[in-house]
Structures are given as structure tokens and as C-alpha cells.
Amino acid sequence: MPTIRELDALTIGQIAAGEIIERPASVVKELVENAVDASASRIVVSIERGGLDAIEVVDDGVGIEPADLPLALQRHTTSKLRGAEDLESITTLGFRGEGLASIAAVARTEIVSRAAPSSMGARVVARGTEIGIAEPAAAPLGTSVRVVALFENVPVRREYLRSPSAEFNRISAWLSSFTLAYPRCTFTLRHDGKDVWVMPASGDEWERLAMVFGRNAAEALLSLDGAAARTLDGGLRGFVSAPGHDRPDRRMQLLFVNGRLLRSAALAGAWMSGYATYAMAGRHPYGAIFLELPPDQVDPNVHPTKSDVRLRFANQIFDAVRRTIAATLAGDAQTRFRASVAGVPPSGVSFAPSEPALFDANESHAETPPSGPRVLSQLDRTYILASDGESLLLVDQHAAHERIAYERIAAAARGSQQSEPLLVPQIVELDAAQSAILDRTIELLREGGLEIEPFGERTYRIVATPFGYGARSFDLAGFIEDLSDEPKQRDVRERVWASLACHSVTVAGERLEFGEMGSLLERLQHCANPMHCPHGRPTMIRLTSLEIARMFKRV
Ligand code: ADP
Ligand code: MG
């Protein structure tokens, strides 16, 4: 029988540290968060060999009294929490009292600090469970913590570390992101004796955004429109990239709750669904979102590194994030469309649900209003060439038609039912996987105006199509295929509408009359988001005369 024995303090410390200190960047996080909690206005982080050799964080915060120094290094010792009741109202980044103790458990740690102009500074050194005594030392106001030989006593952990430059990049990525929430503090990052970057304190938030995201990327950021967030108890601010400006991954989607930089799948999902029809599949918007919530609505005590939190009114919060992003993007899309077809005053006319011929281009013969962009030609049976006198517009006829159809379907689904029965129902046979998808979406399709009935084993009958769709035969199998490829995050309803729009409109390769092209542009102009198709592809490219002049090397 194996005997049960109590672990020694060193082992206990290393096990506990294992959750918090995973790599050099975790040490930086604990130390920088402590400096921010100490109200520092300057924080200097110095790294040697990616943090494998040394990590030092110096701040000008409130400091630690000599008598408290050894205490600060012990486990479960904190100045930020008095009792369990305070767990409901945490306003600091730390509170568990195990940051310094965990670092000391896996590295040699030295703290030098001075708390007040009158008092003396002091120094203490710790290693494993051994904490030295505080000795007087000359020191500037504030605290400096130096950590050397990380994981010296935990060789397995060291093996998991990447190269010094990879570890340094992680530190730099985390720290630069973190600084966004603290624009009034100056942050410096050094590597092997050289300043890698300095972010000076600034009242201008945009300056910091430009430093973190880069100037070009920051220029594509839209400030969030706060109207949709008024329902929240706290605040919601931030900057999100405009449609068309995106990244292959989510690393630049920064989410802060009460000053904490989080990795929250739920909040990232809310962000993505706010983008719904703007983002291309597989691409991700970037930016920074700051939520400020009453402390009793946020529980940060669910994760040892506090990199995710539990929110009391999570659904309302996610919904506010989603709506705020959607409203901001819709406002921006309108503005940009007006700019790109300059000369067309926004008429405010919208298409009434009863207006026909949104799906069948052959039925529409409306002429382009004289003030609007003038259609020049159709190119390759795929693009519409138009001009507003100042620039050349290239419109993807399929993407444009899809956008119009999508908004039409969405409006119909939200309002009264708009479908037209087919005189001769269309019979379609599907395979097992396709019919499973159809069974799940059949109700949503009905809302969008497409009525399908089961008609025997894996056979279905299309009995009605969206109003104005006409007698084109509906590509049900293609439509279902499209549905199953769509990224998961998107709201099912919007996915169905987008796919429905896609399979009910003009395709590339179809010849269009001048009148049809004019009417397409006209209808596009009235869309809430005229610049992108529901799958996130652009509907239109604009070449200004200046850009053309550059191509001809005139300027
Ligand atoms: P926590 O941050 O959860 O309180 P830590 O182990 O990180 O736990 O720190 C323990 C205590 O040491 C803090 O509560 C604080 O009083 C003190 N301390 C740590 N770092 C600093 C610092 N940079 N400036 C002032 N006090 C600090
Ligand atoms: Mg701490």
C-alpha cells in the first residue's frame, strides 16, 4: 500500500507556483500588475536573455515598509484584501497574495523598496522557501524586484521554454497590450541592456494605440459608438478595426475588464458576432475593448492567473458588446459609402418590403438617377464599371446583389412574412448530412421567405421562395454546402440569411443590361452596409483620379 505523507513546504510552493508562473512572461505580468496596484507612474521592465537569465521590474509606486518586506514574499500575504467579504469588491489587479511567493518558489528573488521620503529603504532576498531578513539599503522611492535563474530548481519547466527571443517576444506582446489600459503610466521595456521600446505617458489615447498596433493599423480603428452600451451599469469604450482591416488570428483582439487584460472566448465571440456580416471567414478584426463594471459584478477569482473572469450579468454584457460593435460598423459603412459615391446625397429612401424585383435583375428597369454614379460598362460579365466623375468604381455584381438581397431578406424576416408560393413545387433530394443541416435551419429559412417541406425519405419540396425571387430554380444543395462551410461563431440566423441571399441572386458570368446595372448600384446605395457582401467580401473598389494619376506616373 502506498503511504500518504504530507509534502514539504518547498514542494508545496513549487506545485502552487506551477499554476501561476509558467514562463518569463508570467513573472513580468505578476510584477507589473503589482507596480500598477502600487500606483506607479513609471515602470521599467529589464529582461536578460528572454528572461531566462534575469527579469527586473522597477517602479516609482508607494513602496513597501521594511518590516513588511519579508511578509510580501510569503504565500497568502497581501495588503489588498482583508477578509472573504472583500472578494466581492476587488479593485486591484492582485489580491490572492501569491504572486511574489510563487516567483520566489521557482527563482532567486531580490526586492529593494522604500515606502516614504522619511523612511530608509530595505532589501530582502528569497529563494525557495527561504526568505532572508530585511536589511537597510539605499533606494529611490518605489520598488524594484529582480528575479534571476528562473526554474533553476524546476528543470522540467525550463525544458518547456522556447528560445530567448521567442520568450522575449511574448513578454513584449503582453506588456505592450497591457499598457493600453494605463495610458497615464510610462512603460519602458529593455532587453539585454538596450531600450526596446518606451511608451511615454500620454493623455492622448490614440498615441498609445498607434504605438501598440502600429500607425497604419491604428488609423483603421473606429472609436466605439457608446449608444448601445447605455444599458450597462458600467462603461464600455474601445476601438475596433473597420471592415476590411483584419488579421489571420485573434492575437490583436484585446479585451480588458476593469483594467485586466483577459483572454475571454465569450467576449471574443461577442466581438465576432458584432462583426457578423463584415468579417471574411478565417479573418479576425483587431482592436481594444475596455469594459468597466461594478466590482461586485466581476469575479476574478476563477483563474489562478486571473486571465479570465466570471461576469454576473454575462449575457447582457456580451449583448451590449455585440450591439455596440454592430452599431459602430453600420455607422462607418454608411459614411464610407457616401464618400465613395460622392455626389449622391443620401436620400433616406429605403426599400419598402412590398417593392418587387430585388432578386430578379431581369425585372428591374429603373434608370440610374442623373446625380448618381454613371454606369460605363460591364466587365467580363462579372463587374460593373461606373464613375461619379471623380473616381472609377468597380462593383462586383454578385457581391453587390448579395448584399441587397441579404438586407431584404433580413428585413422581411424581421417584419411580416414575404414569400411567394411556387406554382410547381421544386422537389430536391439530399444526402444524410445535407438533410441534417436542413432540418436544423428549416424554421429560419421560413422566416427568410423560403418554405421547404419534408417529402419522403431525405426528399424535400420547395413550396415558396422569397418574394420577388421569381421562377429561378433554387440551388438548395449549394445553399446547404455554403451553410456548413460558414464560420461557427456567426449567429445562425444571419448565416442562413447570408447563404439564402447568396443563392438567390445574380451570379458572376451573367450579362446585365445598363438599366439593371444602374438599378443595382442604386439599391446598393440604400443598404445599411453597402461596402461588403454578407460574407465579408468587398462589393466595390474605388480608384480615385489621384490613384490613377499615380499609375500613369503623372504625380
Ligand atoms: P498580491 O498582489 O495578490 O497582493 P503579491 O504576492 O503579488 O500578492 O504581493 C504581496 C504584497 O506585496 C502586495 O499585497 C503588496 O502589498 C506588496 N507589493 C508587491 N509588489 C509591490 C510593489 N511593486 N509596490 C508596492 N507593494 C508591493
Ligand atoms: Mg500581485
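**Exercise 1. How many helices and strands does the protein chain have?**

Solution. Begin with the conventions: the model is predicted, local features need pLDDT of at least 70, side-chain atom pairs count only at pLDDT 80 or more, and totals for chains, interfaces and linings use all residues. Residues are numbered from 1 along each chain as its sequence is written, chains are lettered from A and ligands numbered from 1 in the order in which they are written, and side-chain values use heavy atoms, with hydrogens and water left out.

Next, apply the assignment rule: helices (H or I, at least four residues) and strands (E, at least two) are DSSP runs, numbered from the N terminus. The count for the protein chain is 16 helices and 23 strands.

**Exercise 2. Describe burial, contacts and surface for the whole chain.**

Solution. Step one is burial. Buried means under 20% relative accessible area, exposed over 50%, and partly exposed in between (1.4 Å probe, protein chains only). Of the 555 residues of the protein chain, 51% fall in the buried class.

Step two is contacts, defined as heavy atoms within 4.5 Å. Taking contacts between residues at least 6 apart in sequence, 70% join residues at least 24 apart.

Step three is surface. Accessible areas come from the Shrake-Rupley method with a 1.4 Å probe; for residues, only the protein chains shown count as cover. The chain exposes about 26,000 Å², and 53% of this is supplied by carbon and sulfur atoms.

**Exercise 3. Locate ligand 1 and list its backbone partners.**

Solution. First find the shell, in which a residue is near a molecule or strand if one of its heavy atoms lies within 4 Å of it. There are 19 residues around ligand 1, and those that come nearest are Asn34, Thr78, Ser79, Lys80 and Gly97. Helices α2 (24-37) and α4 (99-106) each contribute at least two residues to this shell.

Then go through the distances from backbone atoms to oxygen atoms of ligand 1:

- Phe95: a backbone N or O atom at 2.9 Å from a ligand oxygen.
- Gly97: a backbone N or O atom at 2.8 Å from a ligand oxygen.
- Leu100: a polar backbone atom at 2.9 Å from a ligand oxygen.

Last, consider cover: on its own ligand 1 has 530 Å² of accessible area, of which the protein covers 92%.

**Exercise 4. Is Leu69 buried or exposed?**

Solution. Place the residue: Leu69 is found in helix α3. Its relative accessible area is 0%, so Leu69 counts as buried. Now list what Leu69 touches, not counting residues up to four places away in sequence: Ile64, Ile111, Ser113, Ala122, Arg123, Val124 and Ala134. For Ala134, 65 residues away along the chain, the C-alpha separation from Leu69 is 6.5 Å.

**Exercise 5. Examine two non-glycine residues with positive phi, then Glu219.**

Solution. Take His76, which is not a glycine but has a positive phi of about 60°. His76 is in the loop between α3 (69-72) and α4. Its relative accessibility is 58%, so His76 counts as exposed.

Take Asp380, whose phi is near 55°, again positive in a residue other than glycine. Asp380 lies in the loop between β17 (374-379) and β18 (383-387). With a relative accessible area of 63%, Asp380 is exposed.

Finish with Glu219, a residue of helix α8 (residues 215-219). Its relative accessibility of 55% is why Glu219 counts as exposed. Glu219 and Leu209 are 10 residues apart along the chain, and their C-alpha atoms are separated by 9.2 Å.

Methods: Polar contact = N/O pair within 3.5 Å; in protein donor to acceptor, adjacent residues only side chain to side chain.
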